[in-house]
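Subject: Structure for your review

Hello,

Please find the structure below, together with its sequence. My notes on what was found follow it.

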Amino acid sequence: MRCRSTARVTKPSALRHAGVSGSLAAFVAGSAGPVAVIIGPGDRSVAVLRQQGKRWAKTPLTGRLGPDLIVGWPGLALDRRGLPVVAYTRWHSRSLYSQLILGKIDKGGTAHTQRVTAGGWPKSYTPPPAAPVVLASGSVHVVETYGVGGAVTELESEIMLVLGKPAAV
């Protein structure tokens with residue numbers, strides 16, 4: 001049996017109302033309200049949208065990227081207070097190296113980001129996706145999947161959120 005739908009796929013209302021261009025990468029609803037992560041046009045930016053009352057507030061996580069840098073698909077989780085924690089990579093198309101980035105949006109809407117793998121490791125043929133995992137203890141594990149030389153593997157780093165700012169363990 002084949003099902004057909006006459007419904008049209010449209011841009012999610014959060015994107016329309018916030019005037020944001022890009023693709024919806026992740027969405028979650030928690031105690032502090034709904035949160036969306038947007039990957040911008042050309043995979044050149046990452047932003048977090050949070051509903052505040054009747055409007056959506058946009059908080060960018062990436063600054064200007066060099067011409068050979070793009071971002072990998074971001075992941076989203078909520079911490080124990082319902083605030084967004086985002087992981088993504090910055091990937092250099094010439095060297096194939098990536099940097100794993102962890103971002104957190106505080107209650108006031110300010111972004112705090114930290115490089116998890118600052119030295120440009122590991123190499124990958126495509127921009128690696130990343131995802132944060134918030135444990136019951138409050139610590140955050142960040143998982144990055146990458147592929148090079150015919151192998152696909154993952155890298156896991158543990159980060160603790162201390163005083164509302166990411167801090168390496």
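In which strand is Q99 found? Q99 belongs to strand 8. Please keep in mind that this is a predicted model.

Q99 is counted as buried because its relative accessible area is 18%, and the cut-off for buried is under 20%. Setting aside neighbours within four places in sequence, Q99 is in contact with Y88, T89, R90, R115, T117, A118 and G120.

Strand 8 covers residues 98-105, and S98 has a side-chain partner in another strand. The side chains of S98 and E144 are joined by a polar contact of 2.9 Å. E144 sits in strand 11, which spans residues 139-148. E144 is buried but has no salt bridge. R90, the nearest side chain of opposite charge, is 11 Å away from E144.

Next, the nonpolar cores. The largest one has 16 residues, and the members that touch the most others are V37, V46, V48, L61, V86 and Y88. At least two residues of this core come from each of strand 1 (23-30), strand 2 (33-39), strand 3 (46-52), strand 6 (75-78), strand 7 (84-92) and strand 8 (98-105). Strand 2 contributes the most, namely three residues. Another core, of seven residues, lies apart from this one and includes V85, A87, L102 and A130.

V48 shows what surrounds one member of the largest core. Not counting neighbours within four places in sequence, V48 is in contact with V35, A36, V37, A57, K58, T59, L61, P84, V86 and I105.

Strand 6 and strand 7 run antiparallel and are joined by four bridges. One bridge partner to note is V85 in strand 7, which pairs with A77. Which way do the residues of strand 6 point? G75 and A77 point one way, L76 and L78 point the other way, and all of them are buried.

The hairpin formed by strand 6 and strand 7 has five residues between the strands. G82 is in that loop and takes a positive phi near 85°. Is G82 buried or exposed? G82 is buried, because its relative accessible area is 5%, and under 20% counts as buried. Leaving out neighbours within four places in sequence, G82 is in contact with S31 and A32. G82 and G33 are 49 residues apart along the chain, and their C-alpha atoms are separated by 7.9 Å.

Regards

Definitions and conventions
Residues are numbered from 1 along each chain as its sequence is written. This is a predicted model: local features need pLDDT of at least 70, side-chain atom pairs count only at pLDDT 80 or more; totals for chains, interfaces and linings use all residues. Side-chain values use heavy atoms; hydrogens and water are left out. Buried means under 20% relative accessible area, exposed over 50%, partly exposed in between (1.4 Å probe, protein chains only). Lys and Arg count as positive and Asp and Glu as negative; His and the chain ends are not counted. A salt bridge is a side-chain nitrogen of Lys or Arg within 4 Å of a carboxyl oxygen of Asp or Glu. A polar contact is a pair of N or O atoms within 3.5 Å; within protein, one must be able to donate a hydrogen and the other to accept it, and residues adjacent in sequence count only if both atoms are side-chain atoms. A nonpolar core is a set of buried Ala, Val, Leu, Ile, Met, Phe, Trp, Tyr and Cys residues joined through side-chain atoms within 4.5 Å. Contact means heavy atoms within 4.5 Å. Two strands pair if DSSP finds at least two bridges between them.
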